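Visitor: Got a minute? I'd like to go through this model with you.
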Amino acid sequence: MAEFSSASTLPTPPESQTRLHFGKLQHGCEHYKRRCKIRAPCCNQIFSCRHCHNDAMGSLSDPKERHELVRRDVKQVICSICDTEQEAAKVCANCGVNMGEYYCEICKFYDDNTEKGQFHCDECGICRVGGRDNFFHCPTCGSCYSVNLQGNHPCVENSMKSFCPVCYEYLFDSIKGTTIMTCGHTMHMDCFYEMAEQNQYRCPICSKTVFDMSRSWEHLDQEIIDDQILGFFANFLGIFIFVLVIAYLFVMADPMYEGN
């Protein structure tokens with residue numbers, strides 16, 4: 001019978017390979033897991049990512065100082081493992097770790113969590129998540145949508161290059177999921193569900209119904225019919241009682257009538 005080799009005799013990966021993945025998923029911020037920080041060229045400050053920068057700069061007390069980072073303008077990054085500042089690249093020039101398992105040279109975007117299925121869309125000009133094969137770019141709407149919507153959605157010119165009608169966050173580069181309503185307008189998925197929970201069934205932009213309301217209309221029609229039937233019987237009963245009262249008064253007024 002053949003004997004299996006013990007774990008100690010199995011070949012080990014090269015040191016360079018283990019070094020590349022050192023510290024994976026152990027660094028970053030609430031937005032991304034990554035092993036580097038960025039130096040914002042607009043204000044020369046260091047942040048974990050552009051969202052951290054935009055959150056901080058967008059809350060400044062002086063409106064004139066508020067600004068957002070243009071992702072492509074990032075030139076310098078700081079390795080979170082060895083603190084070496086360097087030009088943006090996937091691998092740290094000093095310690096040799098991947099500063100992001102996913103790295104986009106165009107967007108200067110780093111992310112260690114590759115399960116998101118990151119990909120760069122040339123037409124959008126930015127990186128998106130969800131897997132390239134699961135999305136297509138709609139040139140009219142100006143954004144990537146699920147392949148389930150290809151040829152199956154009403155197009156609105158640059159629909160994604162607008163603000164969510166509920167929370168007013170810019171949709172095009174939002175990290176939140178979006179949905180296309182039956183009218184063609186777009187909003188955040190979470191905002192869509194929240195709107196439904198508040199019994200709001202119309203698009204906040206064009207006021208068209210965004211849900212299949214056929215059952216609701218049928219129920220409403222039935223209620224109207226039931227009210228009409230009930231009203232008919234109520235009117236009939238009222239007339240009947242009125243006739244009885246008139247008849248009673250007539251009999252009481254007759255001098256030939258003698259009560260008990």
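Visitor: Is cysteine 138 buried or exposed?
Guide: Buried, in this predicted model. Cysteine 138 has 5% relative accessibility.

Visitor: And which cysteine sulfur is closest to the sulfur of cysteine 138?
Guide: The one in cysteine 141, 3.6 Å away. That is too far for a bond, because a disulfide needs the two sulfur atoms within 2.5 Å.

Visitor: What about cysteine 42, where is its closest cysteine sulfur?
Guide: In cysteine 43, at 4.1 Å. Again, that is too far for a bond. Cysteine 42 is partly exposed, with a relative accessible area of 41%.

Visitor: So how many disulfides does the structure hold?
Guide: The count is 0.

Visitor: New topic. Where is threonine 179 found?
Guide: In strand E11, which covers residues 178–180. Threonine 179 counts as buried, at 16% relative accessibility; the cut-off is under 20%.

Visitor: Which residues does threonine 179 touch?
Guide: Leaving out residues up to four places away in sequence, threonine 179 touches His185, Thr186, Met187, His188, Met189 and Phe192.

Visitor: Zooming out, how many helices and strands does the protein have?
Guide: There are 4 helices and 12 strands.

Visitor: How many residues are there, and what share count as buried?
Guide: The protein has 260 residues, and 32% of them count as buried.

Visitor: What does the accessible surface come to?
Guide: About 17,300 Å². Carbon and sulfur atoms account for 54% of that surface.

Visitor: Last one: what share of contacts join residues at least 24 apart?
Guide: The figure is 31%, taken among contacts between residues at least 6 apart in sequence.

Terms used. Residues are numbered from 1 along each chain as its sequence is written. This is a predicted model: local features need pLDDT of at least 70, side-chain atom pairs count only at pLDDT 80 or more; totals for chains, interfaces and linings use all residues. Side-chain values use heavy atoms; hydrogens and water are left out. Helices (H or I, at least four residues) and strands (E, at least two) are DSSP runs, numbered from the N terminus. Buried means under 20% relative accessible area, exposed over 50%, partly exposed in between (1.4 Å probe, protein chains only). Contact means heavy atoms within 4.5 Å. Accessible areas come from the Shrake-Rupley method with a 1.4 Å probe; for residues, only the protein chains shown count as cover.
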